[in-house]
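Reader: I am new to this structure. Please take a close look at a single part of it, and then connect that part to what lies around it.

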Amino acid sequence: MTDVVMPRLSDTMEEGTILRWLKRDGEHVARGEELVEIETDKASMTYESDREGTLRTVASEGDTLAVGELIARIEGDSEAPAVKTAAAQVQPAAAPTPSASPAQPEPLPTAHSQPEPAATTPAQPVPAPPNGQLGDRAVPPSARVKASPLARRIARDSGVDLAGVHGSGPGGRIVKADVQTQTGSTPVEPATPAEPALAPPADVTAAKGETTTVELSRTQRTIARRMAESKATIPDFTLTADIDMRECVDLRAELKPLSHDGAPTYNDMIVKACALALREHPRANGSYRDGRFELHSRVNVGVAVAVSSQDPTAGALVVPTIFDADAKALGEIARETRTLAQRVRDGSITPPELGGATFTVSNLGMYGIRQFTAIVNPPQAAILAVGEVEPRPVARKKKAVVRPTMTVTLACDHRILYGADAALFLARVRELLEEPAALTL
């Protein structure tokens, strides 16, 4: 028999959620066959079986377990009969035989039970106690119920049996609100009847209307944790610059007739410009870790992609990586970015495509945002926030002219990237975008 544990499907994965068993309990599984769909901190992936045999699930759909925890077992084809034989040998031994000596009567079930004649009391077989050697499915009923980890903890602290709680989450999953409703249904005697607690005014309790509690997905929890970690541990500062995008607008107009699968976007040009500037400024392409600078030899630019959805549990921010962006042509960056963005939106992106970035570009210009500040994605040294390209009046040779202009904001980790270094890096990005001929080489 082989244990199946929660696999580590990415380098940052600490726990995973079982979304769906692709094989039913007791069903035969072949080697290499898809076994279970797991939600990691970055994406949802399927895990294939590396053994052949009969599946015995231990964890249920919706359960969240740490990496390395048992989720199922696979019995070899020669093991199942052996287990049944062992059970058959133990079961009769637990039941009393009719020829048992009358000098050893059965113990009374309770102190108030009335004794009956021995001749009219048939011997009842005593079921064998659950034993891990007699089967792998002897799991407490509450462990088989689909519930969030928070709901399980509240139920355990409150003494609530999850088997009797109706789940209102996706697929009948029990969430925190379901357990709180169950615990609140039991009346509690007031501690001081003479002085009852004052109820809040009705208009205050109804001010927010009906409240719905939403359980975060694995990706959303990871984003929340990493952003809180960034704000709590990184002493950041920001620099802002306005960039004249007239030459980039003209370049894109020239490339459109030559591109069969779509001309490079302004964001593709920004990624290429950042990659070239990162190669010239190694500290901007580095990381700060435990009192040391880590300077990376490869320039990998992450591109933030928003996953919008009407479902509040499904929206997320995913950052696929353009590896070796400094060595790739502008057209290659454009094609790869489109492919990765589509894979993010259809859910087929893989963890290796979401890791390894040394710098990040976050663009909200398509939403009409002129300027914003992004949060540094640790352990990266900086992130560039990009606003929209819009016509603005600017001064040229003592005259006011209208030029397509874009505002960018560079947020930096001050432990590795100092003010002058960051200013030189941002100035190089602006220079490359205002004279974009180098982007096409």
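Author: Asp290 lies in the loop between strand 10 and strand 11. Helices and strands here are DSSP runs numbered from the N terminus: a helix is H or I over at least four residues, and a strand is E over at least two. The model is predicted, and local features are described where pLDDT is at least 70, side-chain atom pairs count only at pLDDT 80 or more, and totals for chains, interfaces and linings use all residues. Residues are numbered from 1 along each chain as its sequence is written, and side-chain values use heavy atoms, with hydrogens and water left out.

Asp290 is not a glycine, yet its phi is positive, at about 50 degrees. Its relative accessible area is 71%, so Asp290 counts as exposed. The classes are as follows: buried is under 20% relative accessible area, exposed is over 50%, and partly exposed is in between, with a 1.4 Å probe and protein chains only.

The two strands beside this loop form a hairpin, with 2 residues between them. Strand 10 covers residues 286-289, and 4 bridges join it to strand 11 in an antiparallel arrangement. Two strands are said to pair if DSSP finds at least two bridges between them. One of these bridges can be named: Ser287 has Glu294 in strand 11 as its partner.

Strand 11 spans residues 292-295 and includes Phe293. With a relative accessible area of 37%, Phe293 is partly exposed. Phe293 also joins Leu295 and Tyr418 in a nonpolar surface patch of about 290 Å². A patch takes residues with over 30% relative accessible area and no salt bridge; like charges are joined within 9 Å, and nonpolar side chains (Val, Leu, Ile, Met, Phe, Trp, Tyr) within 5 Å. A salt bridge is a side-chain nitrogen of Lys or Arg within 4 Å of a carboxyl oxygen of Asp or Glu. Accessible areas come from the Shrake-Rupley method with a 1.4 Å probe, and for residues only the protein chains shown count as cover.

Further along the chain is another residue with this backbone angle. Asp324, which is not a glycine either, has a positive phi of about 50 degrees. Asp324 sits in the loop between strand 15 and helix 9, the helix of residues 330-345. Its relative accessible area is 25%, so Asp324 is partly exposed.

Strand 15 consists of residues 321-322 and contains Thr321. Thr321 is buried, because its relative accessibility is 2%. Leaving out residues up to four places away in sequence, the residues that Thr321 touches include Asn300, Val301, Gly302, Glu336 and Leu340. A contact means heavy atoms within 4.5 Å. Leu340 is 19 residues from Thr321 along the chain, and their C-alpha atoms are separated by 8.3 Å. Gly355 is also among the residues that Thr321 touches. The backbone oxygen of Gly355 lies 3.2 Å from a polar atom of the Thr321 side chain.

Gly302, one of the residues touched by Thr321, leads to strand 16: the bridge partner of Gly302 there is Thr360. Strand 12, residues 301-303, pairs with strand 16 in the parallel sense over 3 bridges. Strand 16 also runs parallel to strand 17 (residues 382-396), with 4 bridges joining the two. In this pairing Asn363 stands opposite Val386 of strand 17.

How many of the 5 residues of strand 16 are buried? In strand 16, residues 359-363, 5 of the 5 are buried, so the strand is largely enclosed by the rest of the structure. Phe359, Val361 and Asn363 point one way, and Thr360 and Ser362 point the other. The loop from strand 16 to strand 17 holds Pro379. The peptide bond from Pro378 to Pro379 is cis, with omega near 10 degrees.

Some totals place these parts in the whole. The protein chain has 10 helices and 18 strands. Of its 441 residues, 37% are buried. Of the contacts with a separation of 6 or more, 63% are between residues 24 or more positions apart. The accessible surface of the chain is about 25100 Å², and carbon and sulfur atoms account for 55% of it.

Notes
A polar contact is a pair of N or O atoms within 3.5 Å; within protein, one must be able to donate a hydrogen and the other to accept it, and residues adjacent in sequence count only if both atoms are side-chain atoms.
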